[in-house]
Amino acid sequence: MTEAHLPPTGGIEVVKARKAAKIVERVARDTDDPSVPTERLLIVLDIDGTVLLEDESLSPGVVDAIAHAHCAGHEVMIATGRSWEGTRDIIRSLGIAPEFVVCSNGAVVLARVGADDLQYERWHIETFDPADVLTLLREHLPDARYLVELPDGERLYTEYLQDWRLTNARQVRFEELGMQQVCRIVVVAPEQGAEDFVELVERIGLHQVSYAVGWTAWLDIAPQGVDKSTGLELVRTELGFDPAHVLVMGDGRNDLGMFRWALENGGRAVAMEQGPQEVRDAAGETTLSVEAGGVAAVLREL
């Protein structure tokens, strides 16, 4: 919107309906016109519970809203706890091909090498030795299901779980999980709730790693000091965005790091309405739930 389209500040101009309609049309065109200057943002979206519902369908209006943000000149990207194998199809569904994708809660950052078929390469990888952590966890969770992600993207798992989307994965004995460096560990214990996991982690003391507890019986473990924010800072620097020109949106405990990163640098952090209270408290703002199209509501206001 330009100054010429509006009456002076504090003034009111009464016009006929036809002229008012033309003004609205002009404003809408300017919003979608790349030649009209806007403050370019780095927009970062979580996947599950943010752009994707529990049944794997997309949040209402999110595809059109992302297209609207692109037309306004913004860079829209994904930061997720998922592996790349579980992320690629979602990016395709959203109709985007971002320069970078942050996966595995920040332990893996991929860079685009070809937009046509969403070709990406592993641009930055963080790893750690999982042996001691796995041994400690199994003492307390002997019946849990375990998965590790290797630096090349291959995943090793102990028992089948549909939610793991086991492309580029193979089943192994538990002892094999800790034989080499990994990017992350995933633990699923159906008999445990989210709060049970929080209490367990605090009690056994996972001090040499970073961790995030999911909504249900899900524990994600990354190298020490690594979360979505560490990967995003690398991307922000590489793309040259001002730290204050960042907008992040998410719904889970694994989004707390990127919320803090955005807010401490003058950016925006928006939580989904259905997220845990601690997540909503940590964000600067709360939008509608994923079912109600919360991401679309925020992006349409840009």
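1. Let's start with helix α2, which spans residues 62-71. Its buried residues are V62, A65, I66, H68 and A69. Why do they line one face of the helix? Looking down the axis of α2, you will find the buried residues within an arc of 155 degrees, so they share one face. Just past the end of α2, have a look at G73, whose phi is positive, at about 100 degrees. Please keep in mind throughout that this is a predicted model.

2. Now step back to the whole protein chain. How many helices and strands does the secondary structure come to? There are nine helices and 14 strands. The chain has 302 residues, and 48% of them are buried. Here, a residue counts as buried when its relative accessible area is under 20%.

3. Contacts and surface add to this overview. Take the contacts between residues at least 6 apart in sequence: 57% of these join residues at least 24 apart. As for the outside, the protein chain exposes about 14500 Å², and 48% of that area comes from carbon and sulfur atoms.

4. Next, find the open sheet of three strands, in the order β3-β4-β5 with antiparallel pairing. Which strands stand at the edges? They are β3 (100-103) and β5 (119-125); each has a single partner strand, so one side of each has no neighbour in the sheet. From one strand to the next, the twist averages 30 degrees.

5. You can follow the pairing within this sheet more closely. Strand β4, residues 108-114, runs antiparallel to β5, and six bridges join the two. One pair to pick out is L110 with its bridge partner R122 in β5. As a general reminder, strands of a sheet pair through backbone hydrogen bonds, in either a parallel or an antiparallel way.

6. What packs on this sheet? Helix α6, made of residues 228-239, does, and it touches β3, β4 and β5. The direction of α6 makes about 170 degrees with that of β3.

7. Finally, turn to strand β11, residues 218-223. Why can we call β11 largely enclosed by the rest of the structure? Five of its six residues are buried, so the rest of the structure largely encloses this strand. Strand β9 (residues 184-188) is joined to β11 by four bridges, and the two run antiparallel. To see this pairing for yourself, look for V187, whose bridge partner in β11 is L219.

Technical notes: Residues numbered from 1 in each chain as written. Predicted model: local features only at pLDDT ≥ 70, side-chain atom pairs only at ≥ 80, totals over all residues. Heavy atoms only, no water. Pairing = 2+ DSSP bridges. Axes fitted to C-alpha atoms, helices over the stretch in contact; angles between N-to-C directions. Contact = heavy atoms within 4.5 Å. Buried < 20%, exposed > 50% of the residue type's maximum accessible area, 1.4 Å probe, protein only. Arc of directions from axis to C-beta. Areas by Shrake-Rupley, 256 points an atom, 1.4 Å probe, with all protein chains shown as cover.
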